Amino acid sequence: MRRVARQTVKTASLMAIIGVLAPLQWVAALPGDVRFAAWLPALFHRLACRVMGIVVEVRGTMHGGQTVWIANHLSYLDIMAIGSVAKCSFVAKDDIRGWPVFGRLARLQATVFINRASRRAADVGTSLAGALSSGRSLVVFPEGTTSDGSAVLPFKPALFEVFAADNAWADVTLQPLTLSVESIDGDAVGVAHRDLYAYHGDASLGPHLMRFLGTRGARVRLTFHAPLPKDAAASRKMLASAAQAAVASALVASA
């Protein structure tokens, strides 16, 4: 009964937050005050984390200028965790546009959608360059999919092509970011309940979200590493390798 009560209260609270903030974000996205349009998503993510019981711990120093944060990826819940502390747009695979609720929210937050099926790095680079030219900071997930968080999957070099090939973005900071889950539902992370947070494999969105809403939440650690050195941009493979090594170095050991 307690789990059902949590699910009911949290679902109603989230829908109320979306009902209030989504129309405001739609209006803010029209030509006008760009700062207001950037501030609303951060507010939504902070409120969503509070409702869902996601406590975010930050380690390291988050770069303050235009930045591309390069992170591992466990779940759609990562968006709320990272978005609660960083004013940014996310880079996501194109099929997320069609997700119920989350797809609409992603579009309102000016998510950069890319076609990961494309074999041309230039296609991905064009999408990223368009977002960077507006001055936005971005979060990219170079694994190309989600995992259970026990290890970092190989980073796909195509996402780094624009930084290795185009000096126009030399002033944009590339900062690795590790997301790790320290506890779920009040217990240390273990194999038995890791998937309450991690959304991967053949999991279905609706049932997964309801299972998580039935818990007391999760404690998530965001570790911001030193920015990648400029000489790492000699090639996209060097950038991918350096970023992956940094991200993997801070994973919380599984119980």
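Which residues of helix H7 (residues 205-213) are buried? In this predicted model, the answer is Leu205, His208, Leu209, Phe212 and Leu213. Look down the axis of H7 and these buried residues fall within an arc of 135°, so they line one face of the helix. That is a handy place to start, and from here we can go on to the empty space inside the protein and then to the charged pairs.

Let's take the empty space. Rolling a probe the size of a water molecule over the atoms shows where such space is left. Here, two cavities of 30 Å³ or more turn up. The largest cavity holds about 130 Å³ of space, while the second largest holds about 30 Å³.

What lines the largest cavity? Going along the chain, you meet Ile17, Ile18, Leu21, Ala22 and Gln25, then Leu40, Pro41, Phe44 and His45, and finally Leu105, Leu108 and Gln109. Three helices each supply at least two residues of this lining: H1 (2-28), H2 (34-52) and H4 (102-108). Helix H1 gives the largest share, with five residues. As for chemistry, the lining splits into nine nonpolar residues, three polar ones and no charged ones.

The second largest cavity has its own cast. Val68, Ile70, Val140, Leu159, Phe160 and Phe163 make up its lining. How do these residues divide into nonpolar, polar and charged? The tally is six nonpolar, no polar and no charged.

Now for the charges. Side chains of opposite charge can pair when their charged atoms come close. The structure holds six salt bridges, and a good one to pull up on screen is the pair formed by Arg221 and Glu57, whose closest N and O atoms are 3.9 Å apart. Arg221 sits in strand E8 (residues 218-224) and Glu57 in strand E1 (residues 54-60), so this pair ties together parts that are 164 residues apart in sequence. Are the two partners buried or exposed? Arg221 counts as buried, because its relative accessibility is 14%, whereas Glu57 is partly exposed, at a relative accessible area of 23%.

Stay with Arg221 for a moment, as Glu182 also forms a salt bridge with this arginine, and there the closest N and O atoms are 2.4 Å apart. This pair, too, links distant parts of the chain: Glu182 lies in strand E6 (residues 173-184) and Arg221 in strand E8, 39 residues apart. Zoom out a little and you find a network of salt bridges that links Glu57, Arg59, Glu182 and Arg221.

One more pair deserves a look. Glu161 forms a salt bridge with Arg236, with 3.6 Å between the closest N and O atoms. Here the link runs between two helices in distant parts of the chain, with Glu161 in H6 (residues 161-165) and Arg236 in H8 (residues 236-248), 75 residues apart. Glu161 is partly exposed, with a relative accessible area of 26%, and Arg236 is partly exposed as well, with 30%.

Conventions: Residues are numbered from 1 along each chain as its sequence is written. This is a predicted model: local features need pLDDT of at least 70, side-chain atom pairs count only at pLDDT 80 or more; totals for chains, interfaces and linings use all residues. Side-chain values use heavy atoms; hydrogens and water are left out. On a 1 Å grid over the protein atoms alone, a cavity is a set of points where a 1.4 Å probe fits but cannot get out, and a pocket is an open set with protein on both sides within 12 Å along at least five of seven lines; lining residues have an atom within 4 Å of a point. Grid points are joined across faces, edges and corners, and a volume is the space filled by probe spheres set on the points. Helices (H or I, at least four residues) and strands (E, at least two) are DSSP runs, numbered from the N terminus. Ala, Val, Leu, Ile, Met, Phe, Trp, Tyr, Cys and Pro count as nonpolar, Asp, Glu, Lys and Arg as charged, and the others, Gly among them, as polar. A salt bridge is a side-chain nitrogen of Lys or Arg within 4 Å of a carboxyl oxygen of Asp or Glu. Buried means under 20% relative accessible area, exposed over 50%, partly exposed in between (1.4 Å probe, protein chains only). The arc is that of the directions from the helix axis to the C-beta atoms.
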